[in-house]
Amino acid sequence: MSKIETFAEYKEAIEPLVLYPRKTQLEALQYVVLGLNGEAGEVAEQIKKAMRNDGGELSPERIDSLKKEAGDVLWYLTRLAAELNTTLDEIAQINVEKLYGRKEKGNLKHE
């Protein structure tokens, strides 16, 4: 497998792995949103385990687990974008514009 360098290449690489109910757009969205939520929970679980089991340290093994779980989040996020007929690039652009808009209004703060 060749090195993935863009979100578009990633989307193309995972296309053969898109195996979930897709009779309607809503059904597909339900599946990917539930999967995204579950995988985000797995990321959080790795942090909890670092706190509980690893004395608050991030071992190389824990970091590896976090990377793998983050990859699962990426899979579902990529599919969410596809089911919305958009791309991760477009979502990233929209997000940057939203965040800079908040900054300009003085609504981007750390509390």
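Reader: With which side chain does the side chain of R62 make a polar contact?
Author: In this predicted model, R62 is found in helix α3, which covers residues 60-83. Leaving aside neighbours within four places in sequence, R62 is in contact with K49, A50 and D54 as well as one further residue. That further residue offers the side chain for the polar contact, at 2.8 Å, and its name is Q46.

Reader: Is R62 buried or exposed, given its relative accessible area?
Author: The side chain of R62 meets that of D54 in a salt bridge with an N to O distance of 2.9 Å, and D54 counts as partly exposed at 25% relative accessibility. For R62 the relative accessible area is 13%, and because buried means under 20%, R62 counts as buried.

Reader: Which residues make up the nonpolar surface patch of about 380 Å²?
Author: One of its members, M51, is found in helix α2, residues 25-53, and at 62% relative accessibility M51 counts as exposed. Together with M51, the patch is made by I47, L58 and I63.

Reader: How many residues make up the largest nonpolar core?
Author: The members include Y10, I14, L36, V73, W75 and L80, and each of α1 (7-14), α2 and α3 supplies at least two residues of this core. Not counting neighbours within four places in sequence, L36 is in contact with V73, Y76, L77 and L80. In soluble globular proteins, nonpolar side chains tend to be buried together. The largest nonpolar core holds 12 residues in all.

Reader: What is the relative accessible area of R79?
Author: R79 has its place in helix α3, where, apart from residues up to four places away in sequence, it touches K11, I14, E15, V18, Y20, R22 and V32. R79 is also linked with K11, E15, R22 and E83 in a network of salt bridges. R79 is buried, and its relative accessible area is 2%.

Reader: How many residues apart are R22 and E83, the pair that links distant parts of the chain?
Author: R22 and E83 form a salt bridge in which the closest N and O atoms are 3.4 Å apart. R22 lies in the loop between α1 and α2, whereas E83 lies in helix α3, and the distance between them along the chain is 61 residues.

Reader: Which of the two, R22 or E83, is buried?
Author: At 42% relative accessibility, R22 falls in the partly exposed class. The relative accessible area of the other partner is 10%, and because the limit for buried is under 20%, the buried residue is E83.

Reader: Why are D64 and K68 separated by about one helical turn?
Author: The side chains of D64 and K68 meet in a salt bridge, 3.2 Å from N to O. D64 is partly exposed, with a relative accessible area of 35%, while K68 counts as exposed at 54%. The separation is about one helical turn because both residues lie in helix α3 and are four residues apart.

Reader: How far apart in space are L108 and Q46, C-alpha to C-alpha?
Author: L108 has its place in the segment after α4 (88-104), where it counts as partly exposed at 48% relative accessibility. Leaving aside neighbours within four places in sequence, L108 is in contact with L99, R102 and K103. L108 and Q46 are 62 residues apart in sequence, and their C-alpha to C-alpha distance in space is 28 Å.

Key:
Residues numbered from 1 in each chain as written. Predicted model: local features only at pLDDT ≥ 70, side-chain atom pairs only at ≥ 80, totals over all residues. Heavy atoms only, no water. Buried < 20%, exposed > 50% of the residue type's maximum accessible area, 1.4 Å probe, protein only. Contact = heavy atoms within 4.5 Å. Polar contact = N/O pair within 3.5 Å; in protein donor to acceptor, adjacent residues only side chain to side chain. Patch = residues over 30% accessible without salt bridge, like charges linked within 9 Å, V, L, I, M, F, W, Y side chains within 5 Å. Areas by Shrake-Rupley, 256 points an atom, 1.4 Å probe, with all protein chains shown as cover. Salt bridge = Lys/Arg side-chain N within 4 Å of Asp/Glu carboxyl O. Core = buried A, V, L, I, M, F, W, Y, C linked by side-chain atoms within 4.5 Å.
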